[in-house]
Amino acid sequence: MLKANLRKIYKEKRLSISPKEKLRLDDLLLLQFQQFNFSKLQILLTYWPMAKANEPNTQLFTAYLRHTIPNLQIAYPVIDVATKTMQAILINEHTIYEPNTYGIYEPKQGDVVNITDINLVFAPLLICDKFGCRVGFGKGYYDKFLADCREDAIIIGFNYFDPIDKIEDTNQFDVPLNYCITPQKIYEF
């Protein structure tokens with residue numbers, strides 16, 4: 001199936017999940033995520049989940065890492081719509097967030113992280129395939145960013161749905177996930 005069709009199907013599927021069921025699924029995602037050992041992790045790039053899109057609650061996974069890795073540096077993406085690029089901005093307890101053009105919360109200010117210093121990236125997705133290729137929201141910010149990450153950076157996607165067999169219209173610019181975590185299983189690619 002093509003990305004555009006998958007995007008439509010999985011947006012609708014996610015929106016059909018009730019708030020109570022979403023809480024349960026997020027807890028199961030966290031339990032799966034806790035199986036990883038990130039003791040050497042230094043910098044995480046995470047993102048603010050879009051409530052209107054019923055995205056998995058990445059704040060749970062970020063909080064877990066913050067609690068277990070005391071010196072962890074955490075960054076959030078900030079996009080530049082004009083250049084269609086993204087930067088990672090370090091946050092702290094005083095960071096102020098504001099919604100961008102797409103309604104996604106970003107840090108208002110902060111230090112830019114060198115892309116090659118990032119160890120772990122949480123990548124948003126609607127669905128992925130059994131090769132780790134993902135369907136996002138179609139703007140391409142993450143694929144451009146991920147292409148410049150260091151080779152040993154770990155890219156994780158969280159999803160309420162298992163991977164499909166194959167996304168038909170992937171291309172050389174698609175950067176695959178290393179892992180997709182679902183409520184029932186961890187998929188490694």
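Helices H2 and H3 cross in a right-handed way, meaning that the near helix is turned clockwise from the far one by less than a right angle. This is a predicted model, where local features need pLDDT of at least 70, side-chain atom pairs count only at pLDDT 80 or more, and totals for chains, interfaces and linings use all residues. Residues are numbered from 1 along each chain as its sequence is written, and side-chain values use heavy atoms, with hydrogens and water left out.

## Two helices and a core

Let us start with the helix pair. H2 covers residues 19–33 and H3 covers residues 58–68. Their axes lie 10 Å apart and make an angle of about 35°. Axes here are lines fitted to C-alpha atoms over the stretch in contact, and angles between N-to-C directions run from 0 to 180 degrees. The labels come from DSSP runs numbered from the N terminus: helices (H or I) have at least four residues, and strands (E) at least two.

Which residues make the contact between H2 and H3? From H2 come Asp26, Asp27, Leu29, Leu30 and Phe33, and from H3 come Leu60, Phe61, Tyr64 and Leu65. Contact means heavy atoms within 4.5 Å. Of the residues in this contact, 7 are nonpolar, none is polar and 2 are charged. In this grouping, Ala, Val, Leu, Ile, Met, Phe, Trp, Tyr, Cys and Pro are nonpolar, Asp, Glu, Lys and Arg are charged, and the others, Gly among them, are polar.

Phe33 and Leu65 appear again in the largest nonpolar core, which holds 57 residues. Such a core is a set of buried Ala, Val, Leu, Ile, Met, Phe, Trp, Tyr and Cys residues joined through side-chain atoms within 4.5 Å. Buried means under 20% relative accessible area, exposed means over 50%, and partly exposed lies in between (1.4 Å probe, protein chains only). The residues with the most contacts inside the core are Phe33, Phe38, Leu65, Phe122 and Ile156. Not counting residues up to four places away in sequence, Phe122 touches several partners, including Phe33, Phe61, Leu65, Tyr142, Ile156 and Phe158.

## Distant in sequence, together in space

Next door to Phe122 in the numbering is Val121, which lies in strand E6 (residues 120–122). Val121 counts as buried, at 0% relative accessibility. With neighbours within four places left aside, its contacts are Leu45, Tyr142, Leu146, Cys149, Ile154, Ile155 and Ile156.

Asp117 sits in the loop between strand E5 (105–107) and E6. Is Asp117 buried or partly exposed? At 36% relative accessibility, Asp117 counts as partly exposed. Its contacts, once neighbours within four places are set aside, are Ile43 and Arg150.

Thr170 belongs to the loop between E9 and E10 and is also partly exposed, with 29% relative accessibility. Beyond four places in sequence, Thr170 touches Lys3, Asp129 and Cys133.

Here are the C-alpha separations for these residues.

| Residue pair | Apart along the chain | C-alpha to C-alpha |
|---|---|---|
| Val121 and Leu146 | 25 residues | 8.5 Å |
| Asp117 and Arg150 | 33 residues | 7.6 Å |
| Thr170 and Leu2 | 168 residues | 8.5 Å |

## Asparagines, a lysine and cysteines

Asn159 is another loop residue, placed between strand E9 (154–158) and strand E10 (179–181). Asn159 is buried, with a relative accessible area of 0%. Among the residues it touches beyond four places in sequence are Leu29, Pro56, Cys128, Cys180 and Pro183.

Asn54 has a positive phi of about 60° although it is not a glycine. Its place is the loop between strand E1 (43–45) and H3, where Asn54 is buried at 12% relative accessible area. Lys84, not a glycine either, has a positive phi of about 55°. Lys84 is in the loop joining strand E2 (73–80) and strand E3 (85–90), and is partly exposed at 40%.

How many disulfides does the structure hold? The count is 0, where a disulfide is a pair of cysteine sulfur atoms within 2.5 Å. For Cys133, the nearest cysteine sulfur is that of Cys128, 8.8 Å away. Cys133 counts as buried, at 13% relative accessibility. Why is Cys180 not bonded to Cys128? The sulfur of Cys180 is 3.7 Å from that of Cys128, its closest cysteine sulfur, which is too far for a bond. Cys180 is buried as well, at 0% relative accessibility.
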